Amino acid sequence: MSLSIRNLLAVLALTLVLGGCGGGSYVWGWYVLSPKLPKGQDNLLFLLSGVGYTVAVALCAIAISVVLGLLIALPTLSTNRYARAVSRTYVEILRSVPMLVMVLWVYYGLPVLFNVSPGVFTAGVIALALCDSAFEAEIFRAGIQSIDRGQREAADALGLSYVDKMRYIVLPQAIRRVLPPLGNQFVYMLKTSSLLSVIGLTELTRRANELIVTEYRPLEIYSFLVLEYLVLIMIASWLVRRLERRMAAADRQFQAKNNS
Amino acid sequence: MSLSATAPIMIDVRGVNKWFGDFHALKGVSLQVRSGEKVIVCGPSGSGKSTMIRCINRLEPHDEGHIFVEGIELTDEVRNLAAIRSEVGMVFQQFNLFPHMTVLDNLVLAPMRVRGSSRRDAEEQAMHYLTRVRIAEQAKKYPAQLSGGQQQRVAIARALCMKPKVLLFDEPTSALDPEMISEVLDVMVGLARDGMTMICVTHEMGFARQVADTMVFMDHGEIVEIAPTQDFFAAPKSERAKLFLSQILAH
């Protein structure tokens, strides 16, 4: 468990800096979040209740954006210029829309344009997935292009169809290579989901903002929010690293140089 | 290894031209290969040998002229192309085995997906060909765990599993350490004896003398000379072929 000691020290150091040795005349009011007081317990539970939406929205969005990104990246290898141009254009446009703008556009724009009103969760997932899909597409493109051309030629020479060539030869090798950046994107999604607080999704950041209105202790509550994200992302990175290690172990099996 | 002049023509290349940008890679190349014939293509590097055989299963599309495989013309039509590619096996200089699959899985993939064989039949057939290239005991290993010579023999077995009517070899021994060349050539000699139709780009002139019915000499994108093997080695007609042979046989 590499999660434990080093990371705990970091958390400890942060709380000390924020809590104890802060300079100036600010008087901390940690009582709002004190686990010893009934009020503090309620507040803590209220803040933590946002974690469900934060995680759910990030998971749904990444799942959709990975699929979208893969579909957009596939024409990269195509000999068809138009297919390549469509994929290129998609990436260029979606990559340049700021995430917050996309969130607002989807939430307030879709009802006007198409007469559908997605809930905040759905709108949030759509917006995050769309923005992220451009980056996923770039990751997959790099992965697919990194696979030696000879692999595709061998598949062609055996008479495999395009679908089989991608499914059995190119993608299994490409996906191993892009797992680390994909994991990175997931961590990024967890953080970016905080933008959905502006349309009212009751995730971590929204909960913090709501509590500040009643308790009027923004510094304590935002500091705790930082801590919440820190822990969440540590767990996510730890899972990603574990997955990478497992893939690397599988890789060693077939990349081991001949030792006979 | 005499070749019947009445055997049907398997591959018919007619007046093929190909350009890579401004570079004229193939200049009016024509070649007929009969069923059962062994053709060795030689020539200096950059002479278009590899490009020519890569055109025969359309890994490179040609720009002008016609290529027929068993009477079917190679075009962009997908159905023709898949049909031809499954009949024409190819062995690459760099082996191009699939590194994420075991040797056995490398061999059974195409028969199962293209021919629709059951896994059992495909594996049985794969073991048969692995035995033939004398490497059956490595079936469960991954390609990177094998030596270069073993990998190339697996690649040959993989091509054979599709039961191709023609095998194309693109410098199959050029990427190998010297001590591994003969184990691959031995397998190829065996295939030739069994009557496989082969077109092979190689610099191994001893091997060529041993198996080839026909020698093709290429230079600067042209076929300079096509001759029966004995005639070619005894007395090449063109000056360029003479020079090439004297250089390659000097050592």
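Contact, in these exercises, means heavy atoms within 4.5 Å. The structure is a predicted model, in which local features need pLDDT of at least 70 and side-chain atom pairs count only at pLDDT 80 or more, while totals for chains, interfaces and linings use all residues. Residues are numbered from 1 along each chain as its sequence is written, chains are lettered from A and ligands numbered from 1 in the order in which they are written, and side-chain values use heavy atoms, with hydrogens and water left out.

**Exercise 1. Describe the surroundings of Arg115(B).**

Solution. Begin with the secondary structure, where helices (H or I, at least four residues) and strands (E, at least two) are DSSP runs numbered from the N terminus; Arg115(B) lies in helix H3 of chain B, which covers residues 103-115. Next take the accessibility, for which buried means under 20% relative accessible area, exposed over 50%, and partly exposed in between (1.4 Å probe, protein chains only). Arg115(B) has 37% relative accessibility and therefore counts as partly exposed. Then list the contacts: leaving aside neighbours within four places in sequence, Arg115(B) is in contact with Ser86(B), Glu87(B), Ala110(B), Met162(B) and Lys163(B). For Ser86(B) there is a further detail, since a polar atom of the Arg115(B) side chain lies 3.0 Å from the backbone oxygen of Ser86(B). Finally, the C-alpha atoms of Arg115(B) and Ser174(B), 59 residues apart along the chain, are separated by 31 Å.

**Exercise 2. Give the overall dimensions and make-up of chain B.**

Solution. Start with the secondary structure of chain B, which comes to nine helices and ten strands. The C-alpha trace of chain B spans about 55 × 45 × 40 Å along its principal axes. The radius of gyration is taken over C-alpha atoms, and the globule rule is 2.2 Å times the number of residues to the power 0.38. For 251 residues a compact globule would have a radius of gyration near 18 Å, and the 18 Å of chain B agrees with this. Of those 251 residues, 57% count as buried. Among the contacts in chain B with a separation of 6 or more, 66% come from residues 24 or more positions apart.

**Exercise 3. Characterise the interface between chain A and chain B.**

Solution. First count the participants: 24 residues from chain A and 26 residues from chain B take part in the contact. Second, consider the buried area, which is the accessible area (1.4 Å probe) that two parts lose on being put together, summed over both. Between chain A and chain B this area is about 2,200 Å², with carbon and sulfur atoms giving 59% of it. Third, apply the salt-bridge rule (a side-chain nitrogen of Lys or Arg within 4 Å of a carboxyl oxygen of Asp or Glu), which finds three salt bridges across the interface. One of them joins Glu60(B) to Arg149(A), with the closest N and O atoms 3.8 Å apart. Fourth, turn to the side of chain A that touches chain B, to which helix H7 (149-157), helix H8 (162-192) and helix H10 (218-255) of chain A each supply at least two residues. H7(A) gives the most, with eight residues.

**Exercise 4. Determine which residues of H7(A) are buried and what they pack against.**

Solution. The buried residues of H7(A) are Gly150(A), Gln151(A), Glu153(A), Ala154(A), Ala155(A), Asp156(A) and Ala157(A). Because seven of its nine residues are buried, H7(A) is largely enclosed by the rest of the structure. The partners of these buried residues are H8 of chain A together with helix H1 (49-56), helix H2 (78-87), strand E6 (88-91) and helix H5 (148-160) of chain B. Just after H7(A), Gly159(A) takes a positive phi of about 90 degrees.

**Exercise 5. Locate Glu60(B) and Met205(B), and decide whether each is buried or exposed.**

Solution. Glu60(B) is placed in the loop between H1 and strand E4 (64-69) of chain B, and at 12% relative accessibility Glu60(B) counts as buried. Leaving aside neighbours within four places in sequence, Glu60(B) is in contact with Arg149(A), Lys18(B), Phe20(B), Arg54(B) and Cys55(B). Met205(B) lies in helix H7 (residues 205-211) of chain B, and at 5% relative accessibility Met205(B) counts as buried. Not counting residues up to four places away in sequence, Met205(B) touches Cys42(B), Met215(B), Phe233(B), Leu245(B), Ile248(B) and Leu249(B).

Methods:
Polar contact = N/O pair within 3.5 Å; in protein donor to acceptor, adjacent residues only side chain to side chain.
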